[in-house]
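Dear colleague,

Please find below the structure that I am handing over to you, together with its sequence. My notes on its salt bridges come after it.

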Amino acid sequence: MSSNPADAARAAATQQAGAEVTRRTEQLLQLSRQIHENPELAWEEHSAARAVADTMREAGFAVELGAYGLSTAVEAVYGEGDFTVAICAEYDALPGIGHACGHNVIAAAGVGAALALAPLAEEAGLRIKLLGTPAEEHGGGKAAMLEAGAWEDVDISLMSHGTTLPVGSTGDSLPCSQMRSMAVARFDITFTGQAAHAAAAPDKGINAGNAAILALNAIGLLRQQLPKNTNLNAFISHGGDVTNIIPGTSEVGLELRAFDIAILREMKAKVMACFEGAAIATGCTWDYELAEPPYAPVEQEPVLGELWDAHLVSQGRVLSDAQPGSGSTDMGNVSLVVPSIHPMITFIGEDAAPHSPAFTDAAITPAADRALLDAAQAMAATVLDVALDPQMREDYQGRRRARPEGATRQPFLV
């Protein structure tokens, strides 16, 4: 045991937070099961948001369901300290395969961390803000909440995300720094030509369907010249209606991903040139718009990540050097403006790939339950490490004070 009174106080607080998670184990697992059994798509998570809101309200948090102008967003606040932590709870599912990204675990772990911190809020000088954030899979709930001011008063923010490791991986859990996400931008492109009878007057038509086909062929050729570790996907969402009418309009859905924002922007310029070229070649006009807010790569806050890792080890987990696959998350947008972490928490012994029916099953196993509880404890302990350390506390508070007013509300643009 440390002879340093400050270390002893942190250890005692961490133990108390862990005991609170243990006390609430069945409640947290039931919340996870409830969300898992009732999968709801982006912007439609009414049952999940209500369940999170009810849980927080029963624990004494001041709760707003429908926060920040979003019907399925939740804000639950507890404590009057001058150090504000925002803990995120996602709960949207995927079409057809339910909670194949394990957002039921994310939501319950976030709730568990907030509930574990509440009895210590006065002692640690904390203001705890649990944010239920909708539409992570598609739609960018956090992006919308950022612009509405949800993180304007926040010193640090954190969440955790369930994952699996391939069979044969060393260790059983990923260090925080091993979680890398890609920036993503999604666009809707429209070509406008001139409809005409395909047999009687084809020369009077301007074929917007051909423009879409040319654009996708140009993109296919462009791929060879794109940087490694980038991703580009496109499909024709509307190319015509019937065979005897030359299509007067066509639509293409486009998705770009890269680990580096500058590379993403370069990709955008090159890909949009393919659409412009297709329009010129066919005589069409064209335009595009963002299909949803773009996501930035997550910038893991190193100190918070190291604290998280240490708590995983203290729970008996063994850190791995495995290299997980990469997706994208709107938590990246938060991390650009507020010191944040978005670590992965492993379902130990499970190896199902995310976004698959097998992962849906894995997200409700005993391994997922353990991950939920471990993540809740590790997040709460990480917050306490910072809040009860005067130097770290002042560092993060100083960063918040140095932010210009409204800095967190600026949209991420590509």
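The following paragraphs set out the salt bridges found in this structure, which is a predicted model.

A search of the whole structure gives 21 salt bridges. One of them joins R10 and D389, whose closest N and O atoms are 4.0 Å apart. R10 belongs to helix α1 (residues 5-23), whereas D389 sits in the loop between α12 (366-387) and α13 (390-402), so this pair ties together parts of the chain that are 379 residues apart in sequence. Both R10 and D389 are buried.

A second pair is formed by the side chains of D153 and R127, with an N to O distance of 2.8 Å. Because D153 is in the loop between α6 (141-147) and β5 (156-158) and R127 is in strand β4 (residues 126-133), the contact ties together parts that are 26 residues apart in sequence. D153 has a relative accessibility of 30% and therefore counts as partly exposed. The two residues also belong to a network of salt bridges that links E75, R127, K129 and D153.

A further salt bridge is that between R399 and E301, the closest N and O atoms being 3.0 Å apart. This pair links distant parts of the chain, with R399 in helix α13 and E301 in the loop between β12 (285-290) and α9 (302-314), 98 residues apart. The two partners can also be described by their accessibility: R399, at 32% relative accessibility, counts as partly exposed, while E301 is buried, with a relative accessible area of 11%.

With kind regards

Technical notes:
Residues numbered from 1 in each chain as written. Predicted model: local features only at pLDDT ≥ 70, side-chain atom pairs only at ≥ 80, totals over all residues. Heavy atoms only, no water. Helix = DSSP H or I, 4+ residues; strand = E, 2+ residues; numbered from the N terminus. Buried < 20%, exposed > 50% of the residue type's maximum accessible area, 1.4 Å probe, protein only.
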